[in-house]
Amino acid sequence: MRHVRWTVWIMWTIIGLSEGGAPKQTSMSCDSAGICDGHSRSLGTIPSSLTETVKQLDLSFNQISYIKETDLQICVNLEVLLLQSNQIRAIDPNAFRSLENLKHLDLSNNSLLHLSPSWFNSLSSLRVLHLQDNPYPRLVQGLFSQLPSLRILKVGNNISFSELQKQDFEGMSMVEDLEIEADYLKKYEPGSLKFIHNISHLTLSIKRPILLLDIMIDLADCLQHLELRNIDLENFHFSLPSSVSNALIEKITFREAQFSDRSFIEILKMYSFVSELLEIVFEDCELSGVGDWEDEFLSEINDQGKLEAIIIRRLRIRNFFLFTDMRPVYPLLGGIKRITLTSSKVFLVPCDLSRNLKSLEYFDLSDSLMSENALENSACDGAWPTLHTLNLSQNKFTSLKTVGEILQTVETLTDLDISKNSFDSMPDRCQWPRKLKYLNISRTKTYMVTSCIPQTLEILDISNNQLSDFHLNLPHIKELYLSGNKLKTLPDAANFPNLVVMNISQNTMHSFSKAQLESFQTTESLAAGGNNFICSCEFLSFVHKEGVLLAQILTDWPESYLCDSPFQVRGQRVQDIQLSFSECYRVQLVSAICSSLFLFVLLAGVLCYRFHGIWYLKMMWAWLQAKRKPKKIIDQEICYDAFVSYSEGDSYWVENFMVQELENFDPPFRLCLHKRDFVPGKWIIDNIIDSIDKSHKTLFVLSESFVKSEWCKYELDFSHFRLFDENNDAAILILLEPIEKKAIPQRFCKLRKIMNTKTYLEWPRDEAQQEAFWFNLRAAIKS
């Protein structure tokens with residue numbers, strides 16, 4: 001049985017290896033500047049191909065578990081070493097000995113159970129050290145004593161790190177930014193952080209606030225920014241001995257902290273200790289109370305301190321619908337100058353609170369639930385007497401006119417952001433605070449601009465809407481943002497005499513002209529990229545000719561200017577396109593070809609008419625028909641001695657002289673006459689061809705009437721074909737009356753040729769000579 005199990009195990013091992021079950025290692029890449037990227041390559045060890053030219057080495061997110069003394073020995077010029085998110089369990093004491101130029105070392109998120117001072121003995125240039133998220137329980141004495149240049153340090157973990165002692169931070173007097181991750185800190189030895197005299201920012205992640213006051217006391221003389229993460233302050237109690245001097249902390253940040261009504265009051269009591277506090281931040285925090293802050297606790301707060309700014313982002317209130325209006329704290333907010341209250345489901349700022357914000361200059365209520373009715377209560381008479389910037393973006397407003405009218409009570413307002421609301425339409429007239437200089441109505445689904453826009457504006461952002469044109473006259477405007485609309489042309493620069501900056505990118509413009517660009521020459525920044533440019537020959541010619549002008553005026557030229565059509569150049573930079581002649585002048589070329597064809601057809605028609613081309617075409621067709629006939633006619637198929645070709649004007653002579661003389665001779669001659677012998681219903685061309693083919697000779701009775709006859713011409717040509725194709729002497733010419741050669745039409749070219757090459761019989765007027773004529777004719781037919 002054991003043998004079977006071993007066999008199965010071996011087979012599965014072989015199959016696993018053959019399928020690539022082992023981690024695949026991919027070589028890292030290095031550039032000429034000495035920056036090597038080897039992150040996420042499934043590396044199990046530090047690559048052996050490193051050289052002394054390496055300055056930055058990223059081996060993060062691999063499977064390295066051990067750093068040997070020789071692994072980095074050659075990297076004497078290394079400045080940045082990133083080893084986070086590996087499986088490092090052990091590091092040789094001298095593994096970093098040769099890294100005297102190292103400035104940034106990241107060993108976070110590994111498996112180091114113990115830290116050794118020997119690792120850092122040679123790192124005199126190190127400025128940034130990340131050791132957090134390793135499972136060590138504590139720091140080691142003298143761990144950082146050999147790091148005189150250290151400025152940023154991150155230590156601790158959220159599982160096992162539980163104590164801080166005095167010797168932990170010895171020799172760290174120059175550290176400016178310290179982050180300690182100690183969710184389950186149990187022991188803090190007072191004075192542990194006193195060695196750090198230059199610290200300005202401390203980030204502390206602890207669950208329980210019991211040891212928080214001791215830490216704050218140690219850093220009271222130097223700390224400027226205290227950031228507390230993941231801290232549970234629901235049962236926090238603030239109490240300090242009277243002998244403790246006030247702290248110099250200027251900013252406190254609570255991130256992912258939990259508060260109660262009682263602990264909120266305790267936070268307010270800290271005013272007396274952090275008298276220099278200017279800014280307090282709450283991000284992703286949670287309040288379990290309902291705003292039940294009793295006056296007896298607030299009466300203990302005598303000093304409002306120097307607090308100027310309150311920032312609250314993504315605050316969660318457990319009992320949101322039971323929360324009160326915070327009336328007891330109104331008097332404490334009189335000196336606040338800046339408030340940010342976003343993404344916290346705020347639907348109303350009570351009028352009394354607005355009136356108590358007597359020093360407020362900046363108010364951010366973005367991503368809230370404010371509507372026109374709520375705003376009317378908030379912006380009551382006497383509200384926000386010193387406010388100059390108000391951000392109401394991403395709320396529930398629907399009427400631009402109503403918002404403007406309500407805010408007239410805020411006479412000091414200069415900057416207003418009402419973007420990401422749903423205004424849709426814009427009325428013709430609106431009323432606004434008289435000092436308004438900046439207005440942001442981007443992403444409001446606006447499809448038309450009207451005179452509702454105040455003339456006092458210096459900055460207008462109406463980007464990402466549905467505008468198809470923009471003809472508004474804004475004499476004081478300095479910055480105009482129109483990107484992300486459907487504008488087809490540049491606006492008229494004459495409407496903005498003081499314009500300094502304009503962005504009209506991501507619209508539907510197809511091109512622009514030199515005159516349009518030159519009208520914006522006084523503008524310091526003009527961006528028009530990302531439009532649907534049609535790379536026509538005219539536009540490309542302008543671009544290539546005015547490249548210097550474009551570079552001077554357009555700040556995003558040429559990278560953002562891409563062709564949308566023609567299809568074959570779509571996505572390419574306008575500056576790089578060169579179209580061929582046929583692509584540039586396609587319409588003109590097609591027009592020229594069509595015109596040429598028309599002229600050719602017209603010319604051909606004229607020539608055909610002038611030189612009887614129709615005759616030649618008909619004869620060509622008849623000739624092709626004749627060519628399909630057999631070239632040799634056997635004797636049994638010869639039916640006639642002669643086929644007589646004559647015109648209707650000569651029919652009397654043919655019928656009363658020639659027929660009588662030849663057919664009544666002994667032996668008689670058999671003549672083929674078209675009036676008598678053509679087959680009725682048969683195509684005349686076929687009749688002519690068959691009659692000539694079935695006749696031994698062809699008699700042509702030439703006269704002025706003959707040369708004017710169309711069918712005589714056919715008969716003459718077919719006889720000529722036979723004469724040359726079959727090489728026989730089948731044609732006999734009878735000149736019934738004298739004909740001058742110049743009187744013969746051009747289409748009778750073959751008649752001219754035959755008369756020049758063959759003898760012919762001439763009908764004599766003298767009766768005495770006519771007997772000789774008939775004798776010669778009979779002899780010619782018999783030959």
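Aromatic rings of Phe, Tyr and Trp (the six-membered ring of Trp) are taken as paired if their centres lie within 6.5 Å, and the pair is called stacked for planes under 30 degrees apart, edge-to-face for planes over 60 degrees apart and tilted for the rest. By this rule the count comes to 28 aromatic pairs. In one of them, the rings of W763 and F773 have centres 5.1 Å apart and planes at 80 degrees, so the pair is edge-to-face. This pair links distant parts of the chain, with W763 in the loop between β36 (760-762) and α20 (767-782) and F773 in helix α20, ten residues apart. Helices (H or I, at least four residues) and strands (E, at least two) are DSSP runs numbered from the N terminus. W763 counts as buried because its relative accessibility is 9%, and F773 counts as buried at 4%; buried means under 20% relative accessible area, exposed over 50% and partly exposed in between (1.4 Å probe, protein chains only). Ring pairs also link F512, F533, F539, F542, W557 and Y561 into a cluster.

The model is predicted, with local features requiring pLDDT of at least 70 and side-chain atom pairs counted only at pLDDT 80 or more, whereas totals for chains, interfaces and linings use all residues. Residues are numbered from 1 along each chain as its sequence is written, and side-chain values use heavy atoms, with hydrogens and water left out.

The protein chain has 20 helices and 36 strands. Of its 783 residues, 46% are buried. Contacts (heavy atoms within 4.5 Å) were examined by separation in sequence: of those with a separation of 6 or more, 60% are between residues 24 or more positions apart. The chain exposes about 39,300 Å², of which carbon and sulfur atoms supply 52%; accessible areas come from the Shrake-Rupley method with a 1.4 Å probe, and for residues only the protein chains shown count as cover.

A nonpolar core is defined as a set of buried Ala, Val, Leu, Ile, Met, Phe, Trp, Tyr and Cys residues joined through side-chain atoms within 4.5 Å. The largest such core has 172 residues, and those with the most contacts inside it are F96, I180, F254, L460 and F470. Helix α9 (residues 537-545) gives the most to this core, with five residues. Leaving aside residues up to four places away in sequence, F254 touches L228, L233, F259, I267, I280, V281, F282, E283 and C285. A second, separate core of 22 residues includes W653, M658, L662 and I781. Helix α16 (residues 684-693) is mostly covered, as eight of its ten residues are buried; among them are I685, I688, I689 and I692.

On the surface, F598, L599, L602 and V606 make a nonpolar patch of about 410 Å². Patches are made of residues with over 30% relative accessible area and no salt bridge, like charges being joined within 9 Å and nonpolar side chains (Val, Leu, Ile, Met, Phe, Trp, Tyr) within 5 Å. V606 is placed in helix α12 (residues 586-610) and counts as partly exposed at 48% relative accessibility.

A salt bridge is a side-chain nitrogen of Lys or Arg within 4 Å of a carboxyl oxygen of Asp or Glu, and the count by this rule comes to 27. E308 and K337 meet in a salt bridge (3.8 Å, N to O). Distant parts of the chain are thereby linked: E308 is in the loop between α4 (295-298) and β19 (309-313), and K337 is in the loop between β20 (316-317) and β21 (338-342), 29 residues apart. In the salt bridge of R573 with D576, the closest N and O atoms are 2.9 Å apart. R573 is partly exposed at 28% relative accessibility, as is D576 with a relative accessible area of 43%. K675 forms a salt bridge with E655, with the closest N and O atoms 3.5 Å apart. This pair connects helix α15 (residues 674-677), which holds K675, to helix α14, which holds E655, across 20 residues. Salt bridges that share partners join K154, E179, E227, R229, R255, E283 and R313 into one network.

Most residues other than glycine have a negative phi, and most peptide bonds are trans. Cis peptide bonds join S565 to P566, with omega about 0 degrees, and D666 to P667, with omega about 5 degrees. Phi is positive, near 60 degrees, in S85, and S85 is buried at 15% relative accessibility.
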